[in-house]
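Student: I should like to learn how to read the features of a structural model. Could we work through one together?

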Amino acid sequence: MSNIYELSASFEAIAKQIESGNLSAEEAADTIESMSIMIKQKCEGVTALILNSDSDVEQLKKARDKINQRIKSKESFSRRMRGLLQNAMEATKTISLESPQFKIQLVDNPPSVELIEDAEKLLDEKYIKIKLTRTPDKLKLKEDLKKGLEIPGAQLVTKTRVRIT
C-alpha cells in the first residue's frame, strides 16, 4: 500500500496527464476515484496520529508541571531547613560541627552589593548600565503592509495550516 506522499504524487501526475491530453478524464475516472478514497483514508490515519501525538504532548506537559512543582517544593524545603540550621548554629555560637557523614560550617559569603531604595537616582552615571533592545514592531509592519505600503525587508504573507476539529 502506498503512503500519502506517493498517492499525492500519483494524483498530481494523473492530473498533469489529463491537462496535457495524454489521458482522458473518462479513462482516469476510476483511478482518480480509488486514489481519492485511499488519500482520504491516509489523511484520516495521519489525523489520528496527530491527535494521539497532541494528547501525548499534553500529558507530558502535565507531568513536567508536576515535576517542576515538586522541584520548587524541594528547593523551598531545603532553603527553610538551611535557614533553620544557620539560625540554630548562630544562636548557639557554633561555627563548625563534624559527624561521620559530613562537616557543617558557618562561612562568610563573598562580598556583594546591596542597593538601597531609589539607588538609581542617587548613584553616579558611571555606575548605571543602560540596556537597549531593538526589535521590529511586527504589528505596526503588518498594519502598514495591509494599507499597501512597500517596506523594504518586510512582506505580508499568508500561510496555511491544518485545523483538526
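Tutor: Certainly. Please bear in mind that this is a predicted model. Let us begin with a single residue, Glu6, which lies in helix α1.

Student: Is Glu6 buried or exposed, or does it fall in between?

Tutor: One reads this from the relative accessible area, where buried means under 20% and exposed means over 50%. Glu6 has a relative accessible area of 43%, so it is partly exposed. Its C-alpha atom is separated by 9.7 Å from that of Ile39, a residue 33 places apart from Glu6 along the chain.

Student: Ile39 belongs to α2, I believe. How many residues does α2 have, and what distance does it reach?

Tutor: A helix can be judged by setting its end-to-end reach against an expected span. With 67 residues, α2 reaches 94 Å from its first C-alpha to its last, which is close to the 99 Å expected at 1.5 Å a residue.

Student: Where does α2 bend?

Tutor: The bend is at Thr31 and amounts to about 30 degrees.

Student: Which residues of α2 are buried, and what do they pack against?

Tutor: The buried residues are Ala28, Met35, Ile39 and Met89. Their packing partners are α1 (4-20), β1 (96-98) and β2.

Student: What follows α2?

Tutor: Here the backbone angle phi deserves attention. Lys93 follows α2, and its place is in the loop between α2 and β1. Lys93 has a positive phi of about 55 degrees although it is not a glycine. With a relative accessible area of 73%, Lys93 is also exposed.

Student: Where is Asp118, and what is its phi?

Tutor: Asp118 is found in the loop between β2 and α3 (119-122). It too is not a glycine, yet its phi is positive, about 60 degrees. Asp118 counts as partly exposed, because its relative accessibility is 44%.

Student: How does one find the empty space in a model?

Tutor: Rolling a probe the size of a water molecule over the atoms shows where empty space is left. In this model, the largest pocket holds about 300 Å³ of space. The elements giving two or more residues to its lining are α2 (25-91) and β2 (103-105).

Student: Which element gives the most to that lining, and which residues take part?

Tutor: The greatest contribution comes from α2, with five residues. The full lining consists of Arg82, Leu85, Gln86, Met89, Glu90, Ile104, Gln105, Leu106, Val107, Asp108 and Asn109. Met89 therefore appears in this lining and among the buried residues of α2, buried being under 20% relative accessible area.

Student: What is the lining of the largest pocket by class?

Tutor: It comprises five nonpolar, three polar and three charged residues.

Student: Let us turn to Asp144. Is it buried or exposed?

Tutor: Asp144, in helix α4 (residues 138-146), is buried, since its relative accessible area is 14%. Leaving aside residues up to four places away in sequence, Asp144 touches Leu149 and Ile151.

Student: Where is Ile164, and which residues does it touch?

Tutor: Contacts of this kind show which parts of a chain meet. Ile164 is in the segment after α4 and is partly exposed, with a relative accessible area of 32%. Not counting residues up to four places away in sequence, Ile164 touches Thr47, Ile50 and Leu51.

Student: How far apart are Ile164 and Glu98?

Tutor: Sequence separation and spatial separation should be read together. The two residues are 66 residues apart in sequence, and their C-alpha atoms are 63 Å apart in space.

Conventions: Residues numbered from 1 in each chain as written. Predicted model: local features only at pLDDT ≥ 70, side-chain atom pairs only at ≥ 80, totals over all residues. Heavy atoms only, no water. 1 Å grid on protein atoms, 1.4 Å probe; cavity = no way out; pocket = protein on both sides within 12 Å on 5 of 7 lines; lining within 4 Å. Points joined across faces, edges and corners; volume = space filled by probe spheres on them. Helix = DSSP H or I, 4+ residues; strand = E, 2+ residues; numbered from the N terminus. Nonpolar A, V, L, I, M, F, W, Y, C, P; charged D, E, K, R; others polar. Expected span 1.5 Å × (residues − 1). Bend = angle between axes of the 7 residues up to and from the residue. Buried < 20%, exposed > 50% of the residue type's maximum accessible area, 1.4 Å probe, protein only. Contact = heavy atoms within 4.5 Å.
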